[in-house]
Every structure is written in C-alpha cells, then in structure tokens.
Amino acid sequence: MKKAKKEKRRITAGGVVARILIFAGLALMLTAGGYEAANYPWRILCMSQEDLNNNDLPDPVLPQWDDDAVTQEPTEDDSIADESLFDIFAAPDLSVIQIHLGYLKIPKLDLAVNIFEGSAQEQLILGAGHVRGTPMPKEPGNVCIAGHRVTARMHPLRHMDKMQSGDFVFVISEGHVFKYGTLEVFAVANTETWVMQPVEGEDHLLTLISCHPPGSARQRLILRGRLLEVDGAPVEEFFGEDPLRFP
C-alpha cells in the first residue's frame, strides 16, 4: 500500500505568535546570560583568598562631562537624607556639579570605582555615592556609600552578595587608604534607614548600600565593614589614643 501523503501543517496566527515568543524568550535568556558572564568576578573561582584581597587594582578613570553645561550647585544637607533610598528609575541630571571624593575598591569583586558626594542618581550613574550626612572615613562613625547592582552604565555592587566575613574593602580618600574588613552582608526593607545610623561599640564602620534583589528596589543589600588599617598601619596610629578624634 502506498503511504498516505502527509498532510501539510497549517501555520496559524497563534502558531506564529508562539514561535515569536519562544525565540524572544531564548534571546532574552542569552542576553541575560551574556550580561552575567561579562560582569561575573571570575577571579573568585581561580585565585586564593589571599590574592583575592590584595589591593592591587588601578585607580579608575574619572568620567568626562561638559563643564559648560554645569550650572547647578550641589545642595547642602547636614542630615541623613532619604536620597540614600535612591530611585533606580530616576533620570540623572548630569548638570549637577560632581564632587569627587576618592575611590572604592573591592579586590575580590575586581571592583574599582569613583566615589562622589551624594547618593542620588546623578552620582550613582558615575560610580558610587557617599551618603550626605554620614561621616567621611577619617571621621568617627558610620561611613555610608551607595551603589547600583543593575544598570546599563554602572553596577559596581552587582555581586556584593558574594562578599564574606573577612573580605577586604578599601576606600581611598583625602590621600589615605582605609582598609575595612567585612563583618556581614544582609538584606533589609527599602525603608529601614537605621542601617545608616552609628552603631554602638563600632567607632569606625563602613556601610555599603545597594538594591536587592538585582533589578528591584524592594529591599536594600547591606555590607558592614570594620576599619582595620589606615595607610597600612593600625587604626590606633592614625587616630591616636582617642578613637573618636578627627586627625
């Protein structure tokens, strides 16, 4: 018997839509995978713990902007402002004068970015931002620095969740290198501003703040670090006998 001819399958509009959605999903998965691969700190997998914490990263290049377009002075703010709960969807206003404070370096994450004064989108689009109203590293208290985890242009704290107790964070500011040891990494609601307040018993603390989970502003990912050394010497040598003294 002759085999019956196979009936040609009719392509319906629904079938076309289904195929488009499948290919779009695959493209999205490949794009996300490529983004993760490009930004993943692969050195975690192939370097010793000691090498991961060596501060041998070069200083990042300062961003370039049009000085003629700069017209607005930064606002003065002596309190811990709600700007620390930054809106990741806000459009930046790069006409605001940027005050460069130094560099944030995390060797384990192969991270070296500029730090600017303020933690609004205008600063975070260029690197990391020092939360106004919190101390500078040479001052006693809780130094707070914010940064993005997911944006097309700047995402310095993307893999902050991979930091562990003892991993080092370096803040280079005012000619000094401040070395912090990670204490803990945890998540809080996006309204919990207590993480920016001083902590009893911690004279010199660093708090890094970012969004959590990646791509969402629902929570904040927090890294706490304790100051260990300044310019390679014990903290006591820099601050003297009084740990709350301003050098």
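A residue counts as buried under 20% relative accessible area, as exposed over 50%, and as partly exposed in between. With this scale in hand, the predicted model can be read from its overall fold down to single side chains. Arg226 is a good place to try the scale: its relative accessibility is 36%, so it counts as partly exposed. Across the chain as a whole, 43% of the 247 residues count as buried.

The secondary structure consists of five helices and nine strands. Read from the N terminus, the order of elements is α-α-α-β-β-α-β-β-β-β-β-β-β-α. Helix α1 covers residues 13-39, and Ile22 belongs to it. This residue is also a member of a nonpolar surface patch, together with Phe23, Leu26 and Met29. The four side chains of Ile22, Phe23, Leu26 and Met29 share about 470 Å² of accessible area. Ile22 itself counts as exposed because its relative accessibility, 52%, is over the 50% cut-off.

Charged pairs come next. Side chains of opposite charge can pair when their charged atoms come close. The structure holds seven salt bridges, and three of them are described here in turn. The one between Asp167 and Lys108 has an N to O distance of 2.8 Å. Asp167 sits in the loop between β4 and β5, while Lys108 sits in the loop between β1 (100-106) and β2 (111-117), so this bridge ties together parts 59 residues apart in sequence. Both partners, Asp167 and Lys108, are buried.

Another salt bridge joins Arg226 to Glu202, with 2.6 Å between the closest N and O atoms. Here the partners come from strand β8 (residues 219-230), which holds Arg226, and from the loop between β6 (176-189) and β7 (204-212), which holds Glu202; the pair therefore ties together parts that are 24 residues apart in sequence. Partly exposed Arg226 thus meets a buried partner, because Glu202 has a relative accessible area of 18%, under the 20% limit.

Asp161 and Arg149 form a further salt bridge, their closest N and O atoms lying 3.2 Å apart. Asp161 and Arg149 are both placed in the loop between β4 and β5, twelve residues apart. In accessibility, Asp161 counts as partly exposed because its value is 40%, whereas Arg149 counts as buried because its value is 3%.

The interior also contains some enclosed space. Two cavities of 30 Å³ or more are counted, and the largest has a volume of about 50 Å³. Its lining is made up of Leu101, Ile115, His130, Met136, Pro137, Val143, Ile145, Val171 and Ser173. Strands β4 (141-146) and β5 (168-173) are the elements that contribute two or more residues to this lining. In chemical character, the lining of the largest cavity comprises seven nonpolar and two polar residues, with no charged ones.

A last contact brings together residues from separate stretches of sequence. Gly232 is located in the loop between β8 and β9 (233-234). Its C-alpha lies 7.6 Å from that of Val177, although Gly232 and Val177 are 55 residues apart in sequence. Gly232 counts as exposed because its relative accessible area is 59%.

How values were computed: Residues numbered from 1 in each chain as written. Predicted model: local features only at pLDDT ≥ 70, side-chain atom pairs only at ≥ 80, totals over all residues. Heavy atoms only, no water. 1 Å grid on protein atoms, 1.4 Å probe; cavity = no way out; pocket = protein on both sides within 12 Å on 5 of 7 lines; lining within 4 Å. Points joined across faces, edges and corners; volume = space filled by probe spheres on them. Helix = DSSP H or I, 4+ residues; strand = E, 2+ residues; numbered from the N terminus. Nonpolar A, V, L, I, M, F, W, Y, C, P; charged D, E, K, R; others polar. Patch = residues over 30% accessible without salt bridge, like charges linked within 9 Å, V, L, I, M, F, W, Y side chains within 5 Å. Areas by Shrake-Rupley, 256 points an atom, 1.4 Å probe, with all protein chains shown as cover. Buried < 20%, exposed > 50% of the residue type's maximum accessible area, 1.4 Å probe, protein only.
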